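Student: I would like to learn how to read a structure that is new to me, beginning with the whole chain and ending with single residues. Could you take me through it step by step?

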Amino acid sequence: MIRPIIYDNNILKLLDQRKLPSEQIYCECSDFDSIVEAIRSMKVRGAPAIGVAAAFGFYFGIRDGLNADKVYSKLFDTRPTAVNLKWGLDRMKESFEKYGENYLEKTAIEIFDEDVKTNKKLSSHGASLFKGGENILTHCNAGALATAGYGTALGVIRSVFYKTKNIHVYVDETRPFFQGSRLTSFELREEGIEHTVICDNMAGFLMNSGIVDKVIVGADRIACNGDAANKIGTYQLAVLSGFHNIPFYIAAPVSSIDFSLKSGEEIPIEYRDVNEVAYCGGSRIVPEGIDILNPAFDVTPHNLITAFITEKGVFQSEDIKNIQRR
Ligand SMILES: CSC[C@@H](O)[C@@H](O)C(=O)COP(=O)(O)O
């Protein structure tokens with residue numbers, strides 16, 4: 001299976017997600033600044049993967065003699081919506097305050113290893129909700145590439161495939177960064193899982209034609225009431241799923257729950273460079289001088305979510321606040 005992140009003797013190798021699917025190139029980060037840049041520019045992306053990369057960034061920063069508060073805040077500011085970033089940083093800070101510098105590398109490696117185990121666990125819980133033979137729709141990339149390995153929503157799909165060998169996935173291309181068509185399709189092809197790529201605006205047509213049995217996506221931040229932020233376009237899929245009576249699942253680790261937030265209204269939404277919308281494959285596709293908006297995430301209200309699939313089991317939104325963090 002693809003290895004999106006490899007740690008090898010003080011070098012963090014990140015499979016550059018901007019180059020996929022045409023090129024598989026690892027960018028090698030050996031210092032704090034290179035990790036900050038890799039997260040900001042989306043060489044590494046996906047909430048759990050960002051959390052893991054930030055943990056190594058914290059280690060590199062302290063190892064190189066930088067101030068801990070500055071290291072924390074510079075990494076924290078790279079991507080505002082994914083709460084796993086803060087979760088990873090808080091764990092590193094706690095380790096630093098308790099044991100000092102010597103234990104930091106070990107803590108970062110622990111966070112990395114745990115993420116893969118967590119994803120496998122949540123995927124096996126999720127697979128129990130599927131009998132095989134379903135047509136599943138997914139959005140963005142919540143696969144191995146968005147995590148330390150195996151994936152969340154795509155991890156569940158992987159586990160259903162291993163169990164039944166019978167599943168078909170509809171993949172939203174996911175404008176403007178195309179995580180669906182470039183990354184999810186790449187991963188599904190590697191696994192030999194049958195799939196079809198569609199443009200984001202085709203989901204309603206497919207649902208209305210009775211082609212979609214279930215929808216499963218990841219999450220970047222979940223509030224205590226179950227409102228969930230995920231890649232822009234997720235909310236409209238949830239509304240469509242509700243209208244067509246199609247189960248809509250969120251698959252995410254407990255580290256994606258922000259226990260400090262009562263509802264999704266408090267989730268900060270990242271606005272990215274408008275050129276991500278203005279250009280496609282290097283060509284300008286919007287006339288010059290036109291207003292463009294690029295919110296990278298939206299929030300799906302809890303009442304549109306059928307269930308949450310986590311490593312601790314499958315939950316309803318009212319149970320989210322009672323899940324134990326560790
Ligand atoms: C597994 S993270 C949840 C995903 O569905 C998705 O929102 C995501 O990968 C985050 O987006 P990105 O902006 O590519 O970092």
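Tutor: We will go from the chain as a whole to pairs of helices, and then to single residues. Please keep in mind throughout that this is a predicted model.

Student: Then let me begin with the whole: how many helices and strands does the chain have?

Tutor: The chain has 10 helices and 15 strands, and along its principal axes the C-alpha trace spans about 60 × 50 × 40 Å. For 326 residues, a compact globule would have a radius of gyration near 20 Å, and the 19 Å of this chain agrees with that. Of the 326 residues, 51% count as buried, and among contacts with a separation of 6 or more, 75% are between residues 24 or more positions apart.

Student: How are two packed helices described?

Tutor: In general, two packed helices are described by the angle between their axes and by the distance between those axes. Here, the axes of helix H2 (residues 47–63) and helix H5 (residues 104–127) come within 9 Å and cross at roughly 170 degrees, which makes H2 roughly antiparallel to H5. On the H2 side the residues that meet H5 include Val-52, Phe-56 and Ile-62, while those of H5 include Ala-108, Ile-111 and Phe-112. By class, this contact of H2 with H5 has 10 nonpolar, no polar and two charged residues.

Student: At what angle do H4 and H5 pack?

Tutor: Helix H4 (residues 84–99) and H5 pack at about 150 degrees, with their axes 9 Å apart; H4 and H5 are therefore roughly antiparallel to each other. The crossing of H4 past H5 is right-handed, and the residues in contact include Gly-88, Met-92 and Phe-96 of H4 with Leu-104 and Thr-107 of H5. The contact of H4 with H5 divides into five nonpolar, three polar and one charged residues.

Student: And how far apart are the axes of H2 and H4?

Tutor: The axes of H2 and H4 are 7 Å apart, and the two helices pack at an angle of about 30 degrees, with H2 passing H4 in a right-handed crossing. Among the residues that make this contact are Ala-55 and Tyr-59 of H2 and Trp-87 and Leu-89 of H4, and by class the contact of H2 with H4 has 14 nonpolar, three polar and one charged residues.

Student: Turning to single residues, is Thr-310 buried or exposed?

Tutor: A residue counts as buried if 20 or more other C-beta atoms lie within 10 Å of its own. Thr-310, which lies in strand E14 (residues 307–310), is buried because it has 26 other C-beta atoms within 10 Å. Leaving aside neighbours within four places in sequence, its contacts include Leu-122, Val-254 and Ile-323.

Student: Which peptide bonds leading into a proline are cis?

Tutor: One of them runs from Leu-20 to Pro-21, with omega near 5 degrees, and Pro-21 is in the loop between strand E2 (11–15) and strand E3 (26–29). The bond from Arg-175 to Pro-176 is also cis, with omega near 0 degrees, and Pro-176 lies in the loop between strand E5 (168–172) and helix H7 (179–191).

Student: Where is Tyr-150 found, and what is its phi?

Tutor: Tyr-150 is in the loop between strand E4 (135–138) and helix H6 (153–164), and its phi is near 75 degrees, a positive value in a residue other than glycine. Tyr-150 counts as buried, with 23 C-beta neighbours inside 10 Å. Asn-245 has a positive phi too, near 60 degrees, but Asn-245 is exposed, with 7 other C-beta atoms within 10 Å.

Methods. Residues numbered from 1 in each chain as written. Predicted model: local features only at pLDDT ≥ 70, side-chain atom pairs only at ≥ 80, totals over all residues. Axes fitted to C-alpha atoms, helices over the stretch in contact; angles between N-to-C directions. Helix = DSSP H or I, 4+ residues; strand = E, 2+ residues; numbered from the N terminus. Parallel < 35°, antiparallel > 145°, perpendicular 65-115°, else oblique. Contact = placed C-beta atoms within 7 Å. Nonpolar A, V, L, I, M, F, W, Y, C, P; charged D, E, K, R; others polar. Rg over C-alpha atoms; globule rule 2.2 N^0.38 Å. Buried ≥ 20, exposed ≤ 12 C-beta atoms within 10 Å, placed from the backbone. Left-handed = near helix turned anticlockwise from the far one by under 90°.
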